[in-house]
Amino acid sequence: MSVLTRDEAQTRAQLIDVHHYRVDLDLTTGDETFGSHSLIRFTARAAGDTFVELKPETLRSARLDDTPLDLTTLDGNRLPLSLTEGEHTLRISTTMRYSRTGEGMHRFTDPTDGESYVYTQLFMEDVQRVFAAFDQPDLKAVFELSVKAPEGWTVLANGITAQQPDGRWQAAPTPLLSTYFVCVAAGPWHTVRTEHAGLPFGIHCRRSLAAHLDADADEILAVTKACYDRYHEKFDEPYPFDSYDQAFVPEFNAGAMENPGLVTFRDEFVFRSAVTVTERQTRAMVIAHEMAHMWFGDLVTLRWWDDIWLNESFAEYMGFQTVNEACSDLFPDTWIDFGVTRKSWGYEADQRPSTHPVAPDPEAVPDTASALLNFDGISYAKGASALRQLVAWLGEDDFLAGINIHFKRHKFGNATLADFIDNLAAATDRDVHAWAERWLRTTGVDTLTPRLEGEGTQWRLHVDRDGSRPHRIRAGIYDRQPDGELALRERLDLDVPQQAPAELTGPRPALVVLNDGDLTYAKLRFDEVSEETALHGLSRIPDPLTRAVVWNALRDMVRDGELAPADYLEVALAHLPDETELALVQGVLGFARTQIADRYTSQEERPAALATIGEIARALLRRTEDGEAPGLRLTAVRACVDSATTPDKIASWLDEGTVHGGPELDPELRWRILARLAVLGATDETVIAAEAERDPSATGQEGAARCRASLPDPDAKAAAWSALFDSDDLSNYLFTATAQGFWQPEQAALVREYVPRFYEAAVALGDRRGPAMAEAAGRYAFPAYAIDAESLALGESHLTSGTMIPALHRKLVDQLDDLTRALNIRTT
């Protein structure tokens with residue numbers, strides 16, 4: 001299959017103008033394939049040669065105007081076309097294959113009730129798996145979809161759908177859309193409908209999840225309506241589509257996809273088990289993120305994939321900001337969670353060899369395969385952080401004025417970085433072009449460090465910068481009170497680099513926190529006195545967002561070899577049991593468990609690290625016995641389970657069906673405990689099979705696969721390996737679950753023989769199953785716990801000795817860089 005290059009896309013856009021697609025799909029032809037017919041109306045501006053893309057199981061017919069095309073000329077995914085100047089009609093009929101990998105038209109049969117569902121994910125170049133198209137974002141067109149579906153199914157699409165007298169479902173014509181936004185979701189959906197602002201709103205899920213969706217429907221719809229109203233306060237352009245549906249679909253690869261009028265979400269957001277308020281907040285943020293795309297991405301679309309940040313950075317920033325504004329009664333401060341969970345994703349990505357500018361040069365994204373690699377912590381978290389810094393520097397009024405100019409000038413069209421910056425510049429007298437050059441065209445993370453000079457009651461605060469970007473920050477100045485608490489003396493607004501040091505009056509501060517409020521994107525360090533205060537007084541800092549900034553600084557110090565992992569754990573043990581902000585507890589425990597215990601400490605030191613995490617969790621359990629902080633207690637229970645080094649306590653919870661003092665075990669906790677017992681060798685296939693019978697859902701199947709792969713048994717490991725790499729029977733989710741169970745630090749000796757086998761197996765899998773599965777193999781099936789020089793050398797040799805698809809290569813580059821960092825931390 002040929003990937004589309006930027007040069008080819010530009011040439012084709014100069015040659016043709018696409019007007020209209022009529023797409024007819026037949027979903028009644030069996031479980032393996034479906035019928036697809038495309039009728040495309042377009043204009044050739046001059047005579048010339050081009051091509052249309054499709055990836056059929058069978059190409060049945062193709063006709064350009066009145067002339068049949070030679071079907072044997074289909075070369076991979078390209079059918080060549082020789083055009084005369086003027087209007088043309090292209091008709092193509094195919095049989096297409098359903099997917100099990102979350103790409104194209106994904107088909108899923110629910111093991112709970114046997115019902116089947118299909119949905120499309122057409123991002124980047126997967127529309128070609130569903131119907132023939134001129135597949136590039138700047139060839140927008142009107143789409144009319146007709147779908148023949150099995151009896152009892154409902155068909156959802158970008159526009160309002162209605163069932164016709166002949167049984168087919170017809171969707172209303174769309175406004176001008178890029179090909180990758182077309183969406184169909186069909187099946188016996190459970191639906192909750194309402195109306196808001198004169199538009200039909202709907203939420204949909206599998207029937208087996210109906211009760212869980214109903215339980216959360218009020219919250220989901222309230223968040224949706226609140227965000228919709230807030231965007232209409234911010235944006236001059238009204239919502240541009242005829243309805244707003246949100247479908248929670250099975251085995252979805254991403255968090256969600258911004259299909260106009262029909263947003264698709266992974267259906268884990270329909271919670272089957274107890275969750276924390278931060279997990280509900282994440283769902284709200286994703287709802288707001290995808291709705292922001294209706295304007296930035298759908299109404300105004302990038303011209304080529306080098307500008308993907310225009311979609312994702314904007315939606316990421318707006319998602320957090322809008323939930324913060326519109327849903328503050330439910331979620332008081334989303335920026336704490338952003339700082340703890342999302343921003344660290346950006347910092348880590350920006351320090352790897354694979355980093356790239358937020359807005360890369362067009363030459364750096366020459367084709368769709370390279371573009372796919374940029375959906376990462378840079379385009380999301382760093383880009384959103386840059387926009388937050390832009391708002392701090394520019395002011396929100398000017399920022400929104402520039403955004404609205406952008407929408408007005410480019411609605412239903414395409415735009416570039418240059419267009420966006422020009423439109424921002426039209427709303428302000430600040431030099432936005434210079435700001436963009438230094439923030440969006442560069443890589444890496446600046447480091448900011450305070451330096452105090454003076455004596456007595458007169459001090460000068462210098463900010464030393466390692467890097468090149470300008471920063472608008474706040475510096476928090478804190479004094480220690482007689483009772484040991486830290487009190488804010490003042491916050492100083494500073495521009496870095498400074499024209500002059502900031503003057504402080506009063507005693508030397510006990511703590512100086514740069515970037516207090518977390519408005520910029522930079523690593524932070526402390527002066528000597530502030531570092532001592534932070535390590536010993538972190539829980540005494542009054543503002544949770546400031547505590548988040550300090551925790552992130554400590555995290556960075558561990559990753560940079562400046563703070564020993566064991567010392568970080570001691571700080572966590574000293575301060576986390578008193579922490580009131582759930583997002584901080586989850587973030588710190590998550591880093592401690594998955595990075596410090598699993599990667600940054602040696603096999604000999606690991607039991608002590610797990611014991612410290614367990615001690616923190618037990619302290620939190622004691623603190624929450626009164627039932628007043630259920631989210632904190634649930635987090636503590638999860639940490640107890642994940643850090644258990646002996647099976648007795650958690651096995652008793654499983655046997656009794658409850659944690660002493662609550663909560664009772666729901667499916668998520670039961671599978672979590674059973675997975676840990678499997679790792680510890682304290683369960684077997686009989687127990688796993690019984691639990692799978694107790695929970696026959698898709699999530700139950702994944703839990704069983706994870707547990708079976710976790711068993712410390714050579715036959716279990718051999719069976720899991722074969723399922724992963726010797727056949728292509730596993731769906732994307734079952735592959736991930738199996739891979740998550742396979743490698744365990746406790747079982748390093750047992751799985752050592754598989755480490756050298758991984759690379760050839762993963763390359764072959766990527767070649768057979770494509771980028772989504774290759775990325776899953778690189779992310780979840782990589783031997784991440786083989787932290788040694790031999791494993792690093794083995795991986796580096798495979799990177800240079802052979803070819804692999806770009807998605808796998810990029811993931812392995814990142815994994816090996818993480819392995820290098822872990823080795824350095826262990827030896828520093």
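In this predicted model, T449 stands opposite D464, a residue of strand β23. The pairing to which these two residues belong joins strand β22 (residues 447-455) to β23 (residues 458-466), and the two strands run antiparallel, with nine bridges between them. Both strands are part of an open sheet of four strands, whose order is β26-β23-β22-β28 and whose pairing is mixed. At the edges of this sheet lie β26 (502-505) and β28 (523-524), each of which pairs on one side only. As background to such pairings, the strands of a sheet are held together through backbone hydrogen bonds, in either a parallel or an antiparallel manner.

Before going further, it helps to step back to the whole chain. The protein contains 27 helices and 28 strands, and its C-alpha atoms fill a box of roughly 90 × 70 × 55 Å when this is taken along the principal axes. For 828 residues a compact globule would be expected to have a radius of gyration near 28 Å, and because the protein has 27 Å, the value agrees with that expectation.

A second sheet can be followed from strand β24. This strand (residues 471-480) is joined by ten bridges to β25 (residues 486-496), and the two run antiparallel; within this pairing, R480 stands opposite L486 of β25. The hairpin that β24 and β25 form has five residues between its strands, and there G484 takes a positive phi near 95°. Strand β24 also has a partner in β27, to which it is joined by three bridges, again in an antiparallel arrangement, and in which V513 is the bridge partner of G476. Taken together, these strands make an open sheet of three with the order β25-β24-β27 and antiparallel pairing, in which β25 and β27 (511-513) are the edge strands, each pairing on one side only. From one strand to the next, the twist of this sheet averages 20°. Helix α11 (residues 528-537) packs on the sheet and touches β24, β25 and β27, while its direction makes about 95° with that of β27.

The loop between β25 and β26 is where P497 has its place, and the peptide bond that leads from V496 to P497 is cis, with omega near 5°. A further cis peptide bond, also with omega near 5°, leads from G662 to P663, and P663 lies in the loop between α17 (648-656) and α18 (667-679). In the loop between β17 (244-249) and β18 (256-257) one finds E251, which has a positive phi of about 55° although it is not a glycine. These cases can be read against a general background: most residues other than glycine have a negative phi, and most peptide bonds are trans.

The helices offer another way through the structure, beginning with α2 (residues 210-234) and α3 (residues 277-293), whose axes come within 10 Å and cross at roughly 40°. That angle makes α2 oblique to α3, and the crossing of the two is right-handed. On the α2 side the contact is made by D216, E219, I220, V223, T224, C227, Y228 and Y231, which meet R280, R283, A284, I287, A288, M291 and A292 in α3. By class, the residues of this contact divide into ten nonpolar, one polar and four charged.

How are helices α12 and α14 oriented to each other? Helix α12 (residues 544-559) and helix α14 (residues 582-600) pack at an angle of about 10°, with their axes 11 Å apart, and because angles under 35 degrees count as roughly parallel, α12 and α14 are roughly parallel to each other. In this contact P544, R547, A548, W551, R555, V558 and R559 of α12 meet L584, V588, F591 and Y600 of α14, and the residues comprise eight nonpolar, no polar and three charged.

Further along the chain, the axes of helix α22 (residues 732-742) and helix α25 (residues 771-780) come within 9 Å and cross at roughly 15°. Helices α22 and α25 are therefore roughly parallel to each other, and their crossing is right-handed. Here N732, F735, T736, A739 and Q740 in α22 meet M773, A776, A777 and Y780 in α25, a contact whose residues divide into six nonpolar, three polar and no charged.

Note on methods. Residues numbered from 1 in each chain as written. Predicted model: local features only at pLDDT ≥ 70, side-chain atom pairs only at ≥ 80, totals over all residues. Heavy atoms only, no water. Axes fitted to C-alpha atoms, helices over the stretch in contact; angles between N-to-C directions. Parallel < 35°, antiparallel > 145°, perpendicular 65-115°, else oblique. Left-handed = near helix turned anticlockwise from the far one by under 90°. Contact = heavy atoms within 4.5 Å. Nonpolar A, V, L, I, M, F, W, Y, C, P; charged D, E, K, R; others polar. Pairing = 2+ DSSP bridges. Rg over C-alpha atoms; globule rule 2.2 N^0.38 Å.
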